[in-house]
Amino acid sequence: MKRMMKYRLSPFLVLLILLCVAPQAFGADEPVSCSDHSINAHALLTTGDVQVFVQCAHEFVQQVGFEEARRAFHEDERWRSGPTYVFVDEVTAMRLDARAFIFPPDPSLEGQPWGPLIDAYGDYYEELYRVMSVVDEGWLYYAFRNPATGRDEPKASYVKKIDWDGVPSAIGAGIYRRDLPGTCEAEEVNAMQLEAAPSAQRLQEFVRCAAMELESSGYFAVGALSSYPRWRNQSIYVFGLDTYGNPLFSGDLYSQPWWGALAPELNDHVGGPFGGRDVVSVGNAFGEAFLYYSTRNPFTGMLQRKVTFVKRILVYGLPILVGAGYYLDGEEGP
């Protein structure tokens, strides 16, 4: 066996190597804290956003103390906006004695036992204690009153252990989503709402709810998705494709030429709106995708820029892309 040769490095060379491979040791690449970002309750759209929001709320308490955190969680828009707010609940095996220390929707309920807090899935405080006995932070799934609607709705909250002024507690925040099976209400998610106030979030909710309709009812839902006012209004409509791009249904009244076949919704021809790119395969591979292109607005007849969202589902075991889109203001430029 050959002997390994040993080399002696000069102190200058050692320092040079350390500077190249370990800049953290010299403070060149320190971790970024929440204080370096604007974490805003109004901007929370996903469960990932909520998790970061709770981590930052926990850090905020450590930085400013309980009294300032209490004031900020109640008053500052950074921490409270509509149905989104920071809460702090006592974690105790005596669930009937559990208290809410921070509850911005109704501060009069703070500091006193709530008693049983039962939803369709069981007791909230019992579940909070059980989860916090297993992990230091994680997700709770329950039904709770949405202050924006006044209704009990499914809520996913991220909670993290915290010592709140000497009492074992959990700090958390949650999100009410309108595109879950229990929350996809027709009066809140519909084509008229999307037409009146288009946004990426509303579009996602609209398509996901349409996809759930098709998943639950199969092809019996095609008629409703193609023609009912909930799913079709002016320029807004739902369409469905197979994963080869063949159109299966569409609420676009002008999508049928005289020979009766549906026109392709996402044309991947070289001269088409995507320049030959296979966006159908993109939607199939990623499961969900936003697409941006120019096409004819069926309501105005003009060529306009369009934002479309597609979602892949299985219907009777066959993959289908369900989609819809909204048009941006103004006719496409030259």
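## Exercises on two sheets and their aromatic pairs

Val-238 stands opposite Ala-324 in strand S14. The model is predicted, so local features need pLDDT of at least 70 and side-chain atom pairs count only at pLDDT 80 or more, while totals for chains, interfaces and linings use all residues. Residues are numbered from 1 along each chain as its sequence is written, and side-chain values use heavy atoms, without hydrogens and water.

**Exercise 1. Place the pair Val-238 and Ala-324 in its sheet, then find what packs on that sheet.**

Step 1. Identify the strands. Strand S10 covers residues 238–242 and is joined to S14 by five bridges, the two running antiparallel. (Strands are DSSP runs of E with at least two residues, helices runs of H or I with at least four, both numbered from the N terminus; two strands pair if DSSP finds at least two bridges between them.)

Step 2. Extend to the whole sheet. The strand order is S11-S10-S14-S13-S12, an open sheet of five strands with antiparallel pairing. Strand S11 (247–250) and strand S12 (288–296) are the edge strands, since each pairs on one side only. From one strand to the next the twist averages 25°.

Step 3. Look for helices against the sheet. H6 packs on the sheet and touches S10, S11, S12, S13 and S14, its direction making about 35° with that of S13. Helix H8 (residues 279–286) lies across S10, S12, S13 and S14, and runs at about 160° to S12. (Contact is heavy atoms within 4.5 Å; angles run from 0 to 180 degrees between N-to-C directions of axes fitted to C-alpha atoms, for helices over the stretch in contact.)

**Exercise 2. Describe the sheet that contains S9, and decide whether S9 is enclosed or open to the outside.**

Step 1. Write down the order. This open sheet of five strands runs S4-S3-S9-S8-S7 with antiparallel pairing. Its edge strands are strand S4 (100–102) and S7, each pairing on one side only. The average twist is 35° from one strand to the next.

Step 2. Treat one neighbour of S9. Strand S3 (residues 87–90) and strand S9 (residues 167–175) are antiparallel and share four bridges. Within S9, Ile-171 is the bridge partner of Val-88.

Step 3. Treat the other neighbour. S8 and S9 run antiparallel and are joined by nine bridges. Asp-163 has Pro-168 of S9 as its bridge partner. S8 and S9 make a hairpin with two residues between them, and Asp-165 in the turn has a positive phi of about 55°.

Step 4. Add the helix. Helix H2 (residues 47–64) packs on the sheet, where it touches S7, S8 and S9, and its direction makes about 30° with that of S8.

Step 5. Check burial. Eight of the nine residues of S9 are buried, so S9 is largely enclosed by the rest of the structure. (Buried means under 20% relative accessible area, exposed over 50%, partly exposed in between, with a 1.4 Å probe and protein chains only.)

**Exercise 3. Classify the aromatic pair Trp-139 and Tyr-158, then the pair Tyr-219 and Tyr-316.**

Step 1. Set the count. The whole structure holds 19 aromatic pairs. (Rings of Phe, Tyr and Trp, the latter by its six-membered ring, pair if their centres lie within 6.5 Å; planes under 30 degrees apart are stacked, over 60 edge-to-face, the rest tilted.)

Step 2. Take Trp-139 and Tyr-158. Their ring centres are 5.0 Å apart and their planes stand at 70°, so the pair is edge-to-face. Trp-139 belongs to strand S7 (residues 137–145) and Tyr-158 to strand S8 (residues 152–164), so the pair ties together parts 19 residues apart in sequence. Trp-139 is partly exposed, at 23% relative accessible area, whereas Tyr-158 is buried, at 5%.

Step 3. Take Tyr-219 and Tyr-316. The centres lie 5.4 Å apart with planes at 50°, so this pair is tilted. Tyr-219 sits in the loop between helix H6 (200–217) and helix H7 (222–227), and Tyr-316 in the loop between strand S13 (303–315) and strand S14 (318–327); the pair links distant parts of the chain, 97 residues apart. Tyr-219 is partly exposed with a relative accessible area of 38%, and Tyr-316 is exposed at 57%.

Step 4. Look beyond pairs. One aromatic cluster is formed by Tyr-85, Phe-103, Trp-114, Tyr-124, Tyr-125, Tyr-142 and Phe-144.
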